[in-house]
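Student: I'd like to learn how to read a fold from its parts. Can we go through one together?

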Amino acid sequence: MITREEIANVLDHPVYDGDGNKIGDAKHVFFDDMTGRPEWVSVKTGMFGSNESFIPIRDAAVVQDHLEVPYRKEQVKDAPNVDVDAGGHLSESEEHRLYDYYGINWDSVLSEAERTDDGRFAAGPGPAGTASAGTAGTAGGMTGRQEGADRTGMRGDDAMTRSEEQMHVGVERRESGRARLRKYVVTEEVQQTVPVSHEEVRVEREPITDANRGDALAGPEISEAEHEVTLHEERPVVETETVPVERVRMVTEEHVEDEVVRGRVRKERIEAETERFDDDAARFDDESARLDDERRPGRE
């Protein structure tokens, strides 16, 4: 268990579990109202310290510039949420629930609370949940930031410290999905018009003239003959060629948009109360009666 002198080395310093994992930063230390010994430390955990978890420090130790507790980080983060009243006290039921969660025997807590630090027995327990009870049921009469204050929260200079929670919002980067490029082959029907030609036979007849008479009389007068002509035609020929047409890649673009984040923060309020004593009230009433008597008609 840490001592009151070591609290300055605990507040706003890291808290580690037995495996060397950082749990968070210590924010408040709660004391037992009867013995005055530190009982609990509250640690800011979660994303950006959004949660505050309670850890018993009966078996904790200050190591260099941090506090080590014999509880795993996951166990602390899953500890039950408890309510702290406006006076900075844990109720007996809340404290009992925390001890049960951490596996600490409640009877052993009671027996330790009935002893003072020097080994002498304290006064017998009073009503459950009162500051004078030997049950340690109302641990944390003051936070670590108010170590010099009494149980009502008043400091030595008769001034109260008013605190409030502030919400700090940050962002975390995480995977939101995946995008990929995939290339596959499809077959499409294409159509293209190509002009083709072919040869056809046409018989031409010409009369005998002086110009062609010699060719016409070159052969026998009467005979049989045959002349053959080879015909040609064009047909479409299809072949394919692979050519690159474009390069495709994926790039990411970051778009920023505003998102409203809502949360709850607790704030302390301080109000002044004035109490009049009976003798002063009587004196004021006598003074009022005297003034009323002086205002009556006929008095100089």
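Tutor: We'll go through strands, a helix, salt bridges and a pocket in turn. Keep in mind that this is a predicted model.

Student: Let's begin with the overall layout. How many helices and strands are there in the protein chain?

Tutor: Five helices and six strands. Read from the N terminus, the order is β-β-β-β-β-β-α-α-α-α-α.

Student: And how much of the protein chain is buried?

Tutor: Buried residues account for 22% of its 300 residues. The cut-off behind that word is a relative accessible area under 20%.

Student: On to the strands. In what sense do β1 and β2 pair, parallel or antiparallel?

Tutor: Antiparallel, over three bridges. For one point of contact, look at Val-15, whose bridge partner in β2 is Gly-24. The two strands make a hairpin with five residues between them, and Gly-20 in that turn has a positive phi of about 85°.

Student: What follows β2 in the pairing? How many bridges join β2 to β3?

Tutor: Six, and these two strands run antiparallel. You can check the register at two places: His-28 stands opposite Ser-42 in β3, while Asp-25 has Lys-44 as its bridge partner in β3. Here again there's a hairpin, with six residues between β2 and β3. Its turn holds Gly-36, which has a positive phi of about 75°.

Student: Which strand pairs with β3 besides β2?

Tutor: That would be β4, residues 51-56, antiparallel to β3 over six bridges. Ser-42 is a handy residue to click on: it stands opposite His-28, and its bridge partner in β4 is Phe-54.

Student: Is β3 mostly covered or mostly open?

Tutor: Mostly covered, as seven of its eight residues are buried.

Student: Now a helix. How do I read which side of a helix is buried?

Tutor: Start from the geometry. An α-helix has 3.6 residues a turn, so residues three or four places apart point the same way. Now try α2, residues 92-101, where Glu-94, Glu-95, Leu-98 and Tyr-99 are buried. Looking down the axis of α2, those buried residues fall within an arc of 135°, so they line one face of the helix.

Student: What comes just after α2?

Tutor: Gly-103, with a positive phi of about 70°.

Student: Let's do salt bridges. What's the general idea?

Tutor: Side chains of opposite charge can pair when their charged atoms come close. This structure holds 13 salt bridges. One of them pairs Lys-27 with Asp-12, and the closest N and O atoms are 3.5 Å apart.

Student: Why does that pair tie together parts that are apart in sequence?

Tutor: Because Lys-27 lies in β2 (residues 22-31) and Asp-12 in the segment before β1 (14-16), so the bridge links parts that are 15 residues apart in sequence. As for exposure, Lys-27 is partly exposed at 22% relative accessible area, and Asp-12 is partly exposed at 40%.

Student: What is the N to O distance between Glu-74 and Arg-72?

Tutor: 4.0 Å, in a salt bridge between their side chains. Both ends are partly exposed: Glu-74 has a relative accessible area of 46%, and Arg-72 has 48%. Salt bridges with shared partners also bring Asp-19 into one network with Arg-72 and Glu-74.

Student: And what about Arg-202 and Glu-204: are they buried or exposed?

Tutor: Arg-202 and Glu-204 are exposed. They form a salt bridge too, with their closest N and O atoms 2.9 Å apart.

Student: Last topic, pockets. How much space lies in the second largest pocket?

Tutor: About 910 Å³. It is lined by 21 residues, and the closest to its centre are Glu-172, Arg-173, Arg-174, Glu-254 and His-255.

Student: How does the lining of that pocket break down by class?

Tutor: Nine charged, seven nonpolar and five polar residues. If you want a place to start looking, centre your view on the pocket residues, among them Arg-173 and His-255.

Technical notes. Residues numbered from 1 in each chain as written. Predicted model: local features only at pLDDT ≥ 70, side-chain atom pairs only at ≥ 80, totals over all residues. Heavy atoms only, no water. 1 Å grid on protein atoms, 1.4 Å probe; cavity = no way out; pocket = protein on both sides within 12 Å on 5 of 7 lines; lining within 4 Å. Points joined across faces, edges and corners; volume = space filled by probe spheres on them. Nonpolar A, V, L, I, M, F, W, Y, C, P; charged D, E, K, R; others polar. Helix = DSSP H or I, 4+ residues; strand = E, 2+ residues; numbered from the N terminus. Buried < 20%, exposed > 50% of the residue type's maximum accessible area, 1.4 Å probe, protein only. Pairing = 2+ DSSP bridges. Arc of directions from axis to C-beta.
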